[in-house]
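Q: Please take a close look at the metal site of this model. A connected account for a first-year student would be welcome.

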Amino acid sequence: MNPLLVLHAALDDARLTFHSRAALDAHQNRLAHDHLRWVAAHSPAVAARFRAAGLPLARWRELPPTTKPQMLASFDTLNTAGVTLAQALATARQAEQTRDFTPRLATRRGPVTVGLSTGTSGTQGVFLVGEAERARWAGTVLRALLPGGWRGLTRRHRVAFFLRADSPLYRSVGSRRLEFRFFDLLRPVPELARELAAFRPTLVVGPPAVLRAVQAAGAQVQVQRVVSVAEVLEPDDAAPLRAWGPVVQVYQATEGLLGLPCEHGELHLTEAHVHFDLEEVGGGLVRPVITDLRRRVQPFVRHRLDDLLRLHPEPCPCGRAARRVAAIAGRQDDALQLPGPGGQTVTVWPDFLRGALAALPGLRDYRAEQTGAAALTLALDPWTPELAAQARAGVDAALRRSGADPARVTLSTAPLPPPLPGTKRRRVHRRWRPHPEETP
Ligand SMILES: [Zn+2]
């Protein structure tokens with residue numbers, strides 16, 4: 001990739017910091033006007049949605065949202081590069097098997113990068129990204145992550161990436177001043193820890209659970225930033241990682257780059273590029289419906305995410321108008337569905353259980369899984385009779401606060417098994433599905 005394109009994107013992004021909501025909204029409206037016209041002319045699936053809803057493009061905000069399964073079902077006519085879902089899946093899977101991570105397809109829109117979303121469950125997502133989109137993505141990320149903003153691009157950096165699969169998105173920005181090292185998550189942790197210390201990184205990027213494991217294996221480094229990606233950053237992981245350096249979080253999904261940290265370390269939605277409509281789901285949580293105002297190869301127009309966010313009510317001291325995320329509370333998929341006092345089904349958000357269990361002194365780690373209509377399993381590390389009793393009491397209280405009836409829920413505890421290498425960790429997870437067609 002042309003480093004000048006990346007630098008240009010980083011500079012352009014510096015221009016796109018908005019300090020008033022009105023200016024940000026006007027910027028979004030300008031982008032949406034041209035972008036949606038282009039997308040509707042080139043993506044038959046998007047054009048069909050507007051026709052089915054009987055809406056002109058100007059009323060795009062009223063378009064009924066789509067979901068990930070619908071996106072995948074219409075994939076072949078949704079993307080504008082003429083790539084079929086079968087082609088994209090075959091390309092991405094082959095790349096994972098051979099661990100040769102340059103899966104690119106030659107298309108009528110030029111070379112397109114193909115990726116699969118991580119995760120051991122949930123609907124697997126597929127993403128297609130064009131060259132210009134990659135350059136912008138890389139510039140935006142680098143400007144946000146490198147200390148010193150875009151000027152950071154002119155300093156020397158050694159960036160350690162802990163990823164399940166080497167992402168060509170990240171690798172695309174390497175240069176003489178910027179050295180990237182990919183640490184394959186499928187390798188033994190002690191080996192990763194030794195190699196990390198020897199690399200002497202200035203920046204470490206990876207899923208927090210993995211970084212914690214590498215830290216526990218003895219890796220001691222001093223970096224300018226620890227960047228959490230790919231899973232929810234929980235306070236009990238963030239605290240020990242601060243021994244390496246300041247910890248910030250990137251909110252990224254198959255659906256795009258959705259949140260980046262500011263210079264205060266606060267996570268802001270990437271509203272200069274993506275429009276977010278937020279649906280209230282109760283408990284102070286919102287579910288985003290995104291419209292990407294830039295991506296052309298794989299458009300996302302009024303696309304509903306699985307993630308649940310808690311927004312920060314106060315403006316950020318950095319002065320940005322882009323909304324500030326207090327927590328990524330988990331995925332809609334993981335919200336537990338448990339019986340209430342009258343036998344009715346009540347939604348229990350992962351956040352509540354995490355709050356109850358993270359507060360237990362002596363508990364190193366845990367998983368909470370709903371395994372049946374009224375069955376919950378808690379895996380604890382360490383498992384002791386005292387901790388198990390405390391965990392039960394905490395979970396019972398959290399269920400009651402959520403409106404569920406602990407007396408109707410069978411709660412069992414067990415020791416936590418060691419994690420499978422390369423898998424994504426979810427501390428609270430609903431394995432049980434009320435309807436067989438709702439695939440886990
Ligand atoms: Zn801020």
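A: What follows describes the zinc site and then two further residues, Gln28 and Ser43, in this predicted model.

The zinc ion has the protein donors Cys262, His268, Cys316 and Cys318. Each cysteine contributes its SG atom, while His268 contributes NE2. These donor atoms lie 2.1 to 2.3 Å from the zinc ion. Along the chain, the donors follow the spacing C-x5-H-x47-C-x1-C. The arrangement of the 4 donor atoms is tetrahedral because the angles that they subtend around the zinc ion are 102 to 117°, and four donors count as tetrahedral if all angles lie between 85 and 135 degrees.

Two of these donor residues can be described further in terms of accessibility. Buried means under 20% relative accessible area. Cys262, at 2% relative accessibility, therefore counts as buried. His268 has a relative accessible area of 3%, so this residue is buried as well.

Attention now turns to Gln28, which lies in helix α2, formed by residues 21-42. Gln28 counts as buried because its relative accessibility is 3%. Residues up to four places away in sequence aside, Gln28 touches Glu271, Val274, His275 and Leu293. The C-alpha atom of Gln28 is separated by 7.6 Å from that of His273, although the two residues are 245 residues apart along the chain.

The last residue considered is Ser43. Ser43 has 0% relative accessibility and therefore counts as buried. Apart from neighbours within four places in sequence, Ser43 is in contact with Thr77, Leu78, Thr80 and Pro299.

Technical notes:
Residues numbered from 1 in each chain as written. Predicted model: local features only at pLDDT ≥ 70, side-chain atom pairs only at ≥ 80, totals over all residues. Heavy atoms only, no water. Helix = DSSP H or I, 4+ residues; strand = E, 2+ residues; numbered from the N terminus. Buried < 20%, exposed > 50% of the residue type's maximum accessible area, 1.4 Å probe, protein only. Contact = heavy atoms within 4.5 Å. Donors = N, O, S within 2.8 Å, 3.2 Å for Na, K, Ca; no water. Tetrahedral: all angles 85-135°; square planar, octahedral: opposite > 155°, others 65-115°.
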